[in-house]
Amino acid sequence: MAQGTETPAGPPGDASPGGSGTDAYLHRRTLRRGSAGWLLLTGLGVAYVVSGDFSGWNIGLSKGGFGGLAVAMVLMGVMYACLVFALAELSAILPTAGGGYGFARRALGTWGGFLTGTAILIEYILAPAAISLFIGDYVESLGLFGLTSGWPVYLACFAIFIGIHLWGVGEALRFSLVVTAIAVAALLVFAVGAFTEFDAGRLNDIPADASAFGSSSWLPYGLLGIWAAFPFGMWFFLGVEGVPLAAEEAKDPVRSMPKALAISLAVLVFLALITFVSATGAQGANAIKEAGNPLVVALQGDGEPTALSRFVNYAGLAGLVASFFSLIFAGSRQLFALSRAGYLPRFLSLTNRRKSPYLGLLIPGVIGFTLAAWSGNGGRMLNVAVFGATISYALMALSHLVLRRREPELPRPYRTPGGALTSSVALVLACSALVATFLVDRDAAFIALGVYAVALAYFAFYSRHRLVAGAPEEEFAALAAAEAELARD
């Protein structure tokens with residue numbers, strides 16, 4: 001048995017009929033296997049991200065200008081590509097709901113697993129809370145049902161979409177795929193319309209700051225502006241790394257997971273390029289750099305709404321719903337895996353008759369709704385989520401490097417192109433993006449560190465002594481420890 005783990009009998013009332021010990025414990029914590037093929041997984045990967053194409057990325061223009069954001073987007077795209085290839089290999093080795101936590105657990109031990117899982121959890125709890133605020137703003141701006149942005153709208157978002165998740169994973173992912181398809185189609189229609197107004201001279205219309213080192217018309221805020229734009233370059237891809245969290249519910253995850261990761265990233269790269277260039281060239285970088293709905297501004301400027309701009313506005317709401325819905329899924333699965341293994345309270349991993357982790361959905365939903373209703377600052381919450389994301393990226397890339405070096409003979413049904421070099425690039429760029437978050441929102445970075453400190457205290461003084469040896473990710477790590485001990489003997 002791995003150090004610091006135990007096989008639980010479970011709390012009172014937590015045993016299933018006809019079972020005891022580990023079998024009974026895991027029986028109450030089972031997901032519905034085989035519910036998602038590569039198409040649904042691909043849709044999930046795009047859904048995580050698609051809302052970022054409709055808003056948020058454009059603020060990077062105010063940090064680095066068109067040239068700075070373009071370089072940042074390319075570098076962050078490279079980081080995500082390298083990370084996705086590394087995760088494709090890791091998820092084929094360990095296709096469980098733990099995702100990044102499971103990979104880091106084997107490579108970096110219990111502390112590494114907890115640090116990674118907590119960082120992912122911060123991202124996937126804070127991001128839906130922020131998006132619920134954006135949904136409220138869209139509902140109000142569109143005049144839907146006469147509603148204004150406020151807690152009733154946020155509550156409706158969490159209640160309706162968590163309800164669909166409780167219904168079942170297959171139904172939830174099919175709903176996500178449909179809404180995502182609408183959002184993607186709208187982005188394509190937008191790009192066609194925006195390119196009819198395209199003027200290359202508008203791309204670099206932000207006045208250059210003469211005091212900034214290396215400033216020019218393409219880099220109005222200088223070379224440092226490139227670095228400051230990193231978090232906004234991430235918005236075109238933020239969340240795609242969550243696809244492996246569905247591995248335990250996937251059909252043939254060894255084959256479908258790498259395929260879904262690769263296709264979803266390719267779709268996101270294409271959408272990022274056409275959205276970024278067409279939106280900026282239609283009205284100019286200066287016009288959209290701080291707009292809450294940059295695509296609508298790109299189509300109509302200060303003029304009257306057009307049929308196309310109204311369509312894109314409604315589709316933007318669909319994009320927000322797709323990301324909100326899928327991020328709830330990702331957060332619940334990461335919480336489920338950490339709870340099942342004992343890193344977090346075990347009752348959070350209980351599943352209902354339809355094999356959905358109901359408490360893992362409801363409790364993060366309550367936290368997210370409370371944060372949205374209390375804070376009202378979606379931008380700050382997204383920056384906290386980005387901070388958590390960059391920590392997890394660095395640790396997952398490091399996990400790939402460690403496993404490649406320490407366990408070269410580990411069976412790998414899929415191998416990362418470029419091997420350790422690929423994950424090394426991801427690690428360097430992730431660390432650079434982590435530092436860049438301090439340039440954008442220092443308060444958000446310190447808030448994330450505060451949450452981290454509380455979580456680490458809980459792990460250090462309580463949960464690390466009560467881990468569950470029978471959980472899949474823990475068994476996988478224990479097997480590695482046993483093999484290493486045999487090798488030494």
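1. In this predicted model, Arg380 forms a salt bridge with Asp443, and the closest N and O atoms of the two side chains are 4.0 Å apart. The pair links distant parts of the chain, since Arg380 belongs to helix 15 and Asp443 to helix 17, with their positions 63 residues apart in sequence. Asp443 counts as partly exposed, at 46% relative accessibility.

2. Arg380 has a further partner in Asp441: here too there is a salt bridge, with the closest N and O atoms 2.7 Å apart. Asp441 is placed in the loop between helix 16 (420-440) and helix 17 (442-461), and Arg380 in helix 15, so that distant parts of the chain, 61 residues apart, are again linked. How accessible are Arg380 and Asp441? Arg380 is partly exposed, with a relative accessible area of 26%, whereas Asp441 is buried, with a relative accessible area of 10%.

3. A search of the whole structure finds six salt bridges. One of them pairs Glu89 with Arg404, whose closest N and O atoms are 2.8 Å apart. Glu89 lies in helix 4 and Arg404 in helix 15 (residues 378-406); the pair therefore ties together parts that are 315 residues apart in sequence. As general background, side chains of opposite charge can pair when their charged atoms come close.

4. The setting of this pair deserves a remark. Glu89 is buried, with a relative accessible area of 1%. Arg404 is also buried, with a relative accessible area of 17%, a value that falls under the 20% limit for that class.

5. Which residues are joined with Glu89 into one network by salt bridges that share partners? They are Arg404 and Arg412.

6. Helix 4, which contains Glu89, merits separate attention. This helix covers residues 61-93 and has 33 residues, yet its end C-alpha atoms are only 40 Å apart. A straight helix would reach 48 Å at 1.5 Å a residue, and helix 4 falls short of that span. Helix 4 also has a kink of about 85°, centred on Gly67.

7. Is helix 4 largely enclosed or largely open to the outside? Of its 33 residues, 27 are buried, and helix 4 is therefore largely enclosed by the rest of the structure.

8. On the surface, Leu224, Trp227, Val435 and Leu439 make a nonpolar patch of about 350 Å². Two helices, helix 8 (222-228) and helix 16, each supply at least two residues of this patch. Val435 is found in helix 16. With a relative accessible area of 40%, Val435 is partly exposed; this value is over the 30% relative accessible area required of patch residues.

9. Some overall figures complete the description. The secondary structure of the protein chain comes to 18 helices and two strands. The chain has 489 residues, of which 60% count as buried. Its exposed area is about 18400 Å², and carbon and sulfur atoms supply 65% of that area.

10. The contacts of the protein chain may be described by separation in sequence. Among those between residues at least 6 apart, 82% join residues at least 24 apart. The salt bridge between Glu89 and Arg404 offers an example of a long-range link, as it ties together parts that are 315 residues apart.

Conventions
Residues are numbered from 1 along each chain as its sequence is written. This is a predicted model: local features need pLDDT of at least 70, side-chain atom pairs count only at pLDDT 80 or more; totals for chains, interfaces and linings use all residues. Side-chain values use heavy atoms; hydrogens and water are left out. Helices (H or I, at least four residues) and strands (E, at least two) are DSSP runs, numbered from the N terminus. The expected span of a helix is 1.5 Å times one less than its number of residues. The bend at a residue is the angle between axes fitted to the seven residues ending there and the seven starting there. Buried means under 20% relative accessible area, exposed over 50%, partly exposed in between (1.4 Å probe, protein chains only). Patches are made of residues with over 30% relative accessible area and no salt bridge: like charges are joined within 9 Å, nonpolar side chains (Val, Leu, Ile, Met, Phe, Trp, Tyr) within 5 Å. Accessible areas come from the Shrake-Rupley method with a 1.4 Å probe; for residues, only the protein chains shown count as cover. Contact means heavy atoms within 4.5 Å.
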